Amino acid sequence: MNTLDQEAPEYIYKYGTWDDILFRKLITEQVAYFASPQIYGEEADIKHKIDRSILEEDNRLQFYSNHYKKLCPLCSEDEITRMAKNALKNNIITEDKLLEVEQRWQKIYNELIGVFCTGLTPYEKILWRDFGGKAKEMNIISGICIKIDREQAFPEVFGTGKKTNYGSPILFNPLLIYQSDTEAEKYASEFLFTLPADFCDENEYRIVRLLKNNKDREIPIPKESIKQIILNPKMGKEKMQEIKKCIQFILPDTEIKQLKRSNQTYKLVTI
């Protein structure tokens, strides 16, 4: 699995809730679900946005001029200007066209990209809060963090893993992308792994997978790759026993621990 020139973590930590049936399958059936970018849309994560600066004719004219200078180094300035103006005239770009292209490509991303989001430690407060508490429309805490051996779980998955960047949204510039494969690769590596700066405390590591079709989202992983299951520190005894009993039956060799507060920090305690 490609890690985009980063040192790949030995372990990754998937946060979720036992009462979320899809997440629970990671334990009960050892199936990792690679979600559609569509579910992250509200957070502006993996949203395909085109750089609006290309609506300015002067910007496009400058781009075409530079393009033809590289393409035809022996051409005169007048010839370069003529070709650039013809390109500008023959390639009309409007806001409506950009919106149509954005929507078309967003649909493709939603159908053919799968995302498996994890944390880099079992102590990520934001991930516990947002994903490892209560399932949607449930009032009982059933949050879990699953420690996964990354290479053991995904040795041959056609995908790319990378620690998420945080900052301004990555904008798509079709003028640059269509001119260079390198620019296209750079855009993809940044666009798929960038979250708004507001999420910087998540400390996320994600794996992105190109799917053959929209149904190919569930990836079986070996039982042995699930190394540890960590329970929410506020989980009640009844829910804890329910989960513990199931895990011991399905994954008898997997450690079960609970996050416990110790002074100003947290530690993992065997239960």
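## Salt bridges around helix α4

In this predicted model, glutamate 111 and lysine 107 form a salt bridge in which the closest N and O atoms are 2.8 Å apart. The two residues are separated by about one helical turn, because they stand four residues apart in helix α4. Glutamate 111 is partly exposed, with a relative accessible area of 32%. This pair belongs to a structure that holds twelve salt bridges, and, as a general matter, side chains of opposite charge can pair when their charged atoms come close.

Salt bridges that share partners join Lys49, Arg52, Glu95 and Glu102 into one network. Within this network, the side chains of glutamate 95 and arginine 52 meet at 2.9 Å, N to O. Glutamate 95 lies in helix α4 (residues 95-112), whereas arginine 52 lies in the loop between β2 (31-33) and α2 (57-71), so the pair ties together parts that are 43 residues apart in sequence. Glutamate 95 counts as partly exposed at 35% relative accessibility, and arginine 52 is likewise partly exposed, with a relative accessible area of 25%.

Arginine 52 also meets the side chain of glutamate 102 in a salt bridge, at 2.5 Å from N to O. This pair again links distant parts of the chain, with glutamate 102 in helix α4 and arginine 52 in the loop between β2 and α2, 50 residues apart. Glutamate 102 counts as buried, because its relative accessibility is 6% and the limit for a buried residue is under 20%.

## Aromatic pairs on the helix

Helix α4 also carries aromatic residues, among them tryptophan 105 and tyrosine 109, which are separated by about one helical turn because they are four residues apart in the helix. In general, a pair of aromatic rings is described by the distance of the centres and the angle of the planes. The structure holds nine aromatic pairs, and one of them is the tilted pair of tryptophan 105 and tyrosine 109, with 6.1 Å centre to centre and 45° between the planes. Tryptophan 105 counts as partly exposed at 30% relative accessibility, while tyrosine 109 is buried, with a relative accessible area of 14%.

Tyrosine 109 forms another tilted pair with phenylalanine 191, at 5.1 Å centre to centre and with 55° between the planes. Since tyrosine 109 lies in helix α4 and phenylalanine 191 in helix α8 (residues 181-191), the pair ties together parts that are 82 residues apart in sequence. Phenylalanine 191 counts as buried, at 4% relative accessibility. Both tyrosine 109 and phenylalanine 191 belong to one aromatic cluster, which is formed by Trp105, Tyr109, Phe172, Tyr187 and Phe191.

## The strands β3 and β8

Strand β3 (residues 113-119) pairs with β8 in the antiparallel sense, over seven bridges. Along this pairing, glycine 119 has glutamate 204 of β8 as its bridge partner, and cysteine 117 stands opposite arginine 206 in β8. Both strands are mostly covered, with seven of seven residues buried in β3 and six of seven in β8.

In a regular strand the side chains alternate between the two faces of the sheet. In β3, Ile113, Val115, Cys117 and Gly119 point one way, Gly114, Phe116 and Thr118 point the other way, and all are buried.

## Nonpolar cores and charges over rings

The largest nonpolar core has 28 residues, and those with the most contacts inside it are Phe116, Ile144 and Phe154. The elements that give two or more residues to this core are α1 (21-28), β4 (143-149), β8, β10 (226-231) and α9 (237-250), and the largest share, four residues, comes from α9. A second, separate core of 24 residues includes Ile50, Phe63, Tyr109 and Phe193.

Phenylalanine 116 touches residues that include Ile12, Leu26, Phe34, Ile148, Phe154 and Ile207. Lysine 14 lies over the face of phenylalanine 116, at 4.6 Å from the ring centre. In a further arrangement of this kind, the charged end of lysine 147 sits over the ring of tyrosine 11, 4.3 Å from its centre.

## Proline 196

Proline 196 is placed in the loop between β7 (194-195) and β8 (204-210). Proline 196 counts as buried, because its relative accessibility is 19% and a buried residue lies under 20%. Proline 196 and asparagine 165 are 31 residues apart in sequence, and their C-alpha atoms are 8.5 Å apart in space.

Terms used: Residues are numbered from 1 along each chain as its sequence is written. This is a predicted model: local features need pLDDT of at least 70, side-chain atom pairs count only at pLDDT 80 or more; totals for chains, interfaces and linings use all residues. Side-chain values use heavy atoms; hydrogens and water are left out. Buried means under 20% relative accessible area, exposed over 50%, partly exposed in between (1.4 Å probe, protein chains only). A nonpolar core is a set of buried Ala, Val, Leu, Ile, Met, Phe, Trp, Tyr and Cys residues joined through side-chain atoms within 4.5 Å. Contact means heavy atoms within 4.5 Å. Two strands pair if DSSP finds at least two bridges between them. Rings of Phe, Tyr and Trp (its six-membered ring) pair if their centres lie within 6.5 Å; planes under 30 degrees apart count as stacked, over 60 as edge-to-face and the rest as tilted. A charge sits over a ring if NZ of Lys or CZ of Arg is within 6 Å of the ring centre and within 35 degrees of the ring normal. A salt bridge is a side-chain nitrogen of Lys or Arg within 4 Å of a carboxyl oxygen of Asp or Glu. Lists of a residue's contacts leave out its neighbours within four places in sequence.
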